Amino acid sequence: MAILKFSASAVAAQIAHARGCKTFLPNWNGPVDRPALILIVGNGVHLRSNGIDGTTTRIVTTEQADPSFAFADGMNPFRDTDWMAQRRMAFRDLTGQFYTDILDDVQVLIDRGQGTIRLATDGHSIRVFVRRAADYLIGGAYDVPSGLGGTFRVILKDACDTFAIVQNCGNCEDFDAMQPYRVPLDALTEIDDRRAA
């Protein structure tokens, strides 16, 4: 998983553009009738509005980029000399256009005064990444998806901005005997214990 960081003000400008349009770029499934953000991985990595307003003849491509787009930190071909290496670390050799459904979630963060928008990507999905490693309590108990359709109760051993090291605790004996393992940081969920005392 890679974390992409964007200037909130640059993303806000793209959102404002999208919301100011009445016509939108189609996605792979056909016509689109609402504002959205498109992530472009190609000549840099950037977010742009899906709006068409007649002020530009540029279509969305991975070859062209405009300095006004919201570029990911370190992946701006107009400013960063090693942008291609940074893009390759995040996406390997994958390039393309990703229609996202993150516009409303990103707007909430901008409205809260967030200066940086962080997105998590595994190369195929893009999601807003709200929390940081410092937001989690080392030694604290959390739930994580088990991969078996349920959840495991875990103790957080360590965390960085993209993943956490956890140890099963409070499950059945066989699962709790497992070695510590890695999960995406945003897979950790607070334990909501509503049982009556």
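Let's start with a pairing in the middle of things: strand E3 and strand E7 (residues 96-99) run antiparallel and are joined by 4 bridges. Within this pairing, Ile40 has Gln97 of E7 as its bridge partner. Keep in mind as you look around that this is a predicted model.

E3 has another partner as well. Strand E4 (residues 44-49) pairs with E3 over 6 bridges, again in the antiparallel sense. The two strands form a hairpin, with 1 residue between them. Ile40 is a handy landmark here too, since in E4 the residue opposite Ile40 is His46.

Now, how enclosed is E3 itself? Strand E3 covers residues 37-42, and 6 of its 6 residues are buried, so the strand is largely enclosed by the rest of the structure. Buried here stands for under 20% relative accessible area. It is worth turning the strand over in your viewer, as both of its faces are covered. On one side you will find Leu37, Leu39 and Val41, and on the other Ile38, Ile40 and Gly42, all of them buried.

Further along the chain, we come to an open sheet. Its 5 strands pair in antiparallel fashion and follow the order E13-E12-E11-E10-E14. Strand E13 (181-184) and strand E14 (189-190) stand at the edges; each has a single partner strand, so one side of each is left without a neighbour in the sheet. At the E13 end, strand E12 (residues 163-168) runs antiparallel to E13, and 4 bridges join the two. To place this pairing in your view, look for Phe163, which stands opposite Pro184 in E13.

Staying with this sheet, follow the loop between strand E10 (141-145) and strand E11 (151-159), where Leu148 sits. Is Leu148 buried or exposed? Leu148 is exposed, because its relative accessible area is 64%, and the cut-off for that label is over 50%. Leu148 also has nonpolar company: together with Phe175 and Met178 it forms a patch on the surface, and the accessible area of the three comes to about 280 Å².

Finally, a word on how far to trust what you see. The average pLDDT of the chain is 85, and 90% of the residues score at least 70. Residues 193-197 are another matter: their pLDDT is below 50, and beyond near neighbours in sequence this stretch has 0 contacts in the model. Where pLDDT is low, the predicted coordinates should not be read in detail.

How values were computed. Residues are numbered from 1 along each chain as its sequence is written. This is a predicted model: local features need pLDDT of at least 70, side-chain atom pairs count only at pLDDT 80 or more; totals for chains, interfaces and linings use all residues. Side-chain values use heavy atoms; hydrogens and water are left out. pLDDT is the predictor's confidence in each residue, from 0 to 100. Contact means heavy atoms within 4.5 Å. Patches are made of residues with over 30% relative accessible area and no salt bridge: like charges are joined within 9 Å, nonpolar side chains (Val, Leu, Ile, Met, Phe, Trp, Tyr) within 5 Å. Accessible areas come from the Shrake-Rupley method with a 1.4 Å probe; for residues, only the protein chains shown count as cover. A salt bridge is a side-chain nitrogen of Lys or Arg within 4 Å of a carboxyl oxygen of Asp or Glu. Buried means under 20% relative accessible area, exposed over 50%, partly exposed in between (1.4 Å probe, protein chains only). Two strands pair if DSSP finds at least two bridges between them.
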